[in-house]
Each structure stands twice: as C-alpha cells, then as structure tokens.
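User: Please explain how the structural terms applied to this chain are justified. I shall ask about the evidence behind each label in turn.

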Amino acid sequence: MGDFNLNLQTAEEHLDNEDAEGDVVLGVLDGSTPPEEWIESVALGNTLVLAIEGDLNKLASNFARDIKDMGGQLMHFREFLIVSPPGVDIDTDNL
C-alpha cells in the first residue's frame with residue numbers, strides 16, 4: 001500500500017466549529033409511519049434515510065411540502081429517500 005499524507009491537525013481547520021446536531025435516522029417509507037413523525041424528526045435536526053417500499057410520490061406526498069417549507073431537502077437516491085433538515089445540504093457533486 002502506498003504512503004499518503006494525512007494531517008488531522010490541518011483537516012480540523014477546515015471543519016466548522018459548531019457542534020453538529022441531530023442524528024441520521026434509518027427507516028422504511030411504506031406508509032406505516034405517520035407523516036408527522038417524519039416531519040418532527042427532521043424539525044429536531046435529524047437526517048432521514050428511508051428505504052422506499054411502494055410509490056414514492058404517494059408515500060412522500062403527505063410530508064414533502066412541510067419539509068421543503070421548513071427549509072429541508074429531499075433527494076431520491078437509488079432505492080432511498082434522503083431527507084435533510086434546514087441547514088444540511090445534500091451534496092450530489094459526486095453522482
């Protein structure tokens with residue numbers, strides 16, 4: 001394996017000083033969870049990674065507008081719906 005330089009002290013300078021809030025919440029988007037639960041979780045600062053089981057448009061229609069109105073983002077990626085809270089951008093540059 002080749003050598004590489006990894007300077008963690010320098011890397012820390014590029015990190016925000018603010019503490020990250022919220023968790024990454026894994027779930028299944030199948031209609032069994034009330035939309036209010038997803039909305040509340042995102043409002044608390046959590047990022048959702050939801051496995052889609054069914055028609056995404058139908059399943060997300062009950063909470064997508066609320067998420068967008070609060071400043072969050074939604075992104076369909078492969079078989080998942082990624083939902084981020086306000087202030088957490090979904091970076092798609094590497095796709």
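User: What stands opposite Leu48 in β4?

Analyst: In this predicted model, Leu48 stands opposite Val83 of β4.

User: What makes β2 and β4 a pair of strands?

Analyst: Two strands count as paired if at least two bridges are found between them. β2 and β4 have 4 bridges, so the criterion of at least two is met. The sense of this pairing is antiparallel.

User: How do you know that β3 is joined to β4, and which residues are bridge partners?

Analyst: Strand β3, residues 73-77, is joined to β4 by 5 bridges; the threshold is at least two, so the two strands pair. They run antiparallel. Among the bridge partners, Gln73 is matched with Ser84, Leu74 with Val83 and Met75 with Ile82. The hairpin of β3 and β4 has 2 residues between the strands, and Arg78 takes a positive phi near 55 degrees there.

User: Why are β1 and β3 described as standing at the edges?

Analyst: The 4 strands form an open sheet in the order β1-β2-β4-β3, with mixed pairing. β1 (24-29) and β3 each have a single partner strand, so one side of each lacks a neighbour in the sheet. From one strand to the next, the twist averages 20 degrees.

User: Why is Ser84 called buried?

Analyst: Buried means under 20% relative accessible area. Ser84 has a relative accessibility of 1%, so it counts as buried. Ser84 is found in strand β4, where 4 of the 5 residues are buried. Leaving aside neighbours within four places in sequence, Ser84 is in contact with Val42, Thr47, Ile67, Gly72, Gln73 and Ile90.

User: What makes the approach of the Ser84 side chain to Val88 a polar contact?

Analyst: A polar atom of the Ser84 side chain lies 2.7 Å from the backbone oxygen of Val88. The cut-off for such a pair of N or O atoms is 3.5 Å, so the distance criterion is satisfied.

User: Which residues touch the most other members of the largest nonpolar core, and which elements supply this core?

Analyst: The largest nonpolar core has 14 residues, of which Leu29, Leu50, Phe63, Leu81 and Val83 touch the most other members. At least two residues of this core come from each of α2 (35-43), β2 (47-52), α3 (56-60) and β4 (80-84). In soluble globular proteins, nonpolar side chains tend to be buried together.

User: How do you know that Phe63 touches residues beyond its sequence neighbours?

Analyst: Contact means heavy atoms within 4.5 Å. Not counting residues up to four places away in sequence, Phe63 touches Leu29, Pro35, Trp38, Ile39, Leu50, Leu74, Leu81 and Val83. Two of these partners, Leu74 and Val83, are also bridge partners across β3 and β4.

User: What do the figures for the whole chain add?

Analyst: The chain has 4 helices and 4 strands, which run α-β-α-β-α-α-β-β from the N terminus on. Buried residues make up 26% of its 95 residues. Of the contacts with a separation of 6 or more, 46% join residues 24 or more positions apart. The accessible surface comes to about 7,400 Å², of which 47% belongs to carbon and sulfur atoms.

Key: Residues numbered from 1 in each chain as written. Predicted model: local features only at pLDDT ≥ 70, side-chain atom pairs only at ≥ 80, totals over all residues. Heavy atoms only, no water. Core = buried A, V, L, I, M, F, W, Y, C linked by side-chain atoms within 4.5 Å. Buried < 20%, exposed > 50% of the residue type's maximum accessible area, 1.4 Å probe, protein only. Areas by Shrake-Rupley, 256 points an atom, 1.4 Å probe, with all protein chains shown as cover. Polar contact = N/O pair within 3.5 Å; in protein donor to acceptor, adjacent residues only side chain to side chain. Axes fitted to C-alpha atoms, helices over the stretch in contact; angles between N-to-C directions.
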